[in-house]
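Hi,

Here is the structure I said I would pass on. Have a look at it first, and then read on for what turned up.

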Amino acid sequence: MGTSSTTSLAIAKGDINGVVINGLGVNPNETAEVQAYVTARFAGTDEYEAIKSNVSNSFKVTTYAAPLKNLYVVGFFNGWKEGEAVEIWETSAGTNVYEGLYDFFEDGTSGHSAFKIISERSWSGGNWGYDAFKVDSHFTGIAGGDLQLPAGFWKISVNRTAMSIDATPVSAVDVVGTCNGWNADAPSLLTYDPIQNAWLSEPLTFEAGGEFLIRLNSTYDNKYGASGNSSIAIPGGLELVTNGGDNIKVDNAGTYIIKLHANRTPFVVELIKQ
């Protein structure tokens, strides 16, 4: 649920709700009996034997269907314009874990790109850099406390409860399908647009009944197919499935721009008729 260096910890109602639903598998609008305990260690070391308290008496939690929350990403890649910071959405309502795929452009001097996570499109809200997070090995910090990654495509995961951030490198985002003869060696690349916070293809021509898949790292080991579900968040969009699902179908012949929304889980694809 969280950590504290004092003898108390304030826990938001929404965080309890998220843990009970996503961690314990209780459905929204149900009442469940849960238990809790604390662990402790000496500060300043990871070499310790965890001290675990007795499990508490059971207490009841009535869950509710929470809306998805979002944070924002701002940095060199969008000119540090906090008013135009891009969204990064929760993986599922109440998880307090946010994932998104972004192109962090090189800052022109170091081969790296700096950014921060902010709670709103303003510096007056919470903003978190390198000093605020537990980071994985890909990250470095720079003067001012910004997060820094080598320039390129990265999928990032922000855990607001644990205050940790992880990054997975991505070499390419592409489309393979009837529009390019299913030629896996000559895919159609998608380019990140920080203004739209989406990945866009060049105009692609499909015959009626055409099909395609979206891939990461130019491999079918990281493919995204159709789930069969329409997106509620993005009207006209289709939710995708990681490493599964059906080929994404194009019902009507024509030229389309494929628009991938990769700032959320699941990814969502739109077909924009030209």
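Before the strands, one cut-off: a residue is called buried when its relative accessible area is under 20%, and exposed when that area is over 50%. Keep in mind too that this is a predicted model.

With that cut-off in hand, start at strand β24, residues 254-261, where seven of the eight residues are buried. β24 has several partners. Strand β18 (residues 198-200) runs antiparallel to β24 and is joined to it by two bridges, with L200 standing opposite K259. Strand β19 (residues 204-206) is also antiparallel to β24, this time over three bridges, and L204 has Y256 as its bridge partner there. Then there is strand β25 (residues 268-273), antiparallel again and held to β24 by six bridges. Y256 turns up here as well, opposite K273. β24 and β25 make a hairpin, with six residues between the two strands.

Now the overall picture. The protein has 274 residues, 39% of them buried, and its secondary structure amounts to one helix and 25 strands. Along the principal axes, the C-alpha atoms fill a box of roughly 65 × 50 × 35 Å. If you take the contacts with a separation of 6 or more, 58% are between residues 24 or more positions apart. The accessible surface is about 14,500 Å², and carbon and sulfur atoms account for 50% of that.

Another hairpin to look at is the one made by β13 and β14. It has four residues between its strands, and M163 takes a positive phi there, near 50°. Strand β13 (residues 152-159) and β14 are antiparallel, with seven bridges joining them; W154 is paired with P169. β14 (residues 164-170) also pairs with strand β10 (residues 134-135), but in the parallel sense, over two bridges. One of the pairs there is K134 with S164.

What about the helix, α1? Which of its residues are buried? In α1, these are N17, G18, V20 and I21. An α-helix has 3.6 residues a turn, so residues three or four places apart point the same way. The buried residues of α1 pack against β1 (31-34) and β4. Just after the helix comes G25, which has a positive phi near 75°.

α1 matters for the next item too, the largest pocket. Its volume is about 1,200 Å³. It is lined by 30 residues, and those closest to its centre are G2, L9, Y37, V38 and T39. α1 (13-23), β2 (39-40) and β4 (59-62) each put at least two residues into the lining, and α1 gives the most, with three. By class, the lining has 18 nonpolar, ten polar and two charged residues.

Last, have a look at S56, in the loop between β3 (51-52) and β4. Why does S56 count as partly exposed? Because its relative accessibility is 27%, and partly exposed covers what lies between the 20% and 50% limits. Apart from neighbours within four places in sequence, S56 is in contact with Q35 and A36. The C-alpha atoms of S56 and V38 are 9.4 Å apart, with the two residues 18 apart along the chain.

Cheers

How values were computed:
Residues numbered from 1 in each chain as written. Predicted model: local features only at pLDDT ≥ 70, side-chain atom pairs only at ≥ 80, totals over all residues. Heavy atoms only, no water. Pairing = 2+ DSSP bridges. 1 Å grid on protein atoms, 1.4 Å probe; cavity = no way out; pocket = protein on both sides within 12 Å on 5 of 7 lines; lining within 4 Å. Points joined across faces, edges and corners; volume = space filled by probe spheres on them. Nonpolar A, V, L, I, M, F, W, Y, C, P; charged D, E, K, R; others polar. Buried < 20%, exposed > 50% of the residue type's maximum accessible area, 1.4 Å probe, protein only. Contact = heavy atoms within 4.5 Å. Areas by Shrake-Rupley, 256 points an atom, 1.4 Å probe, with all protein chains shown as cover.
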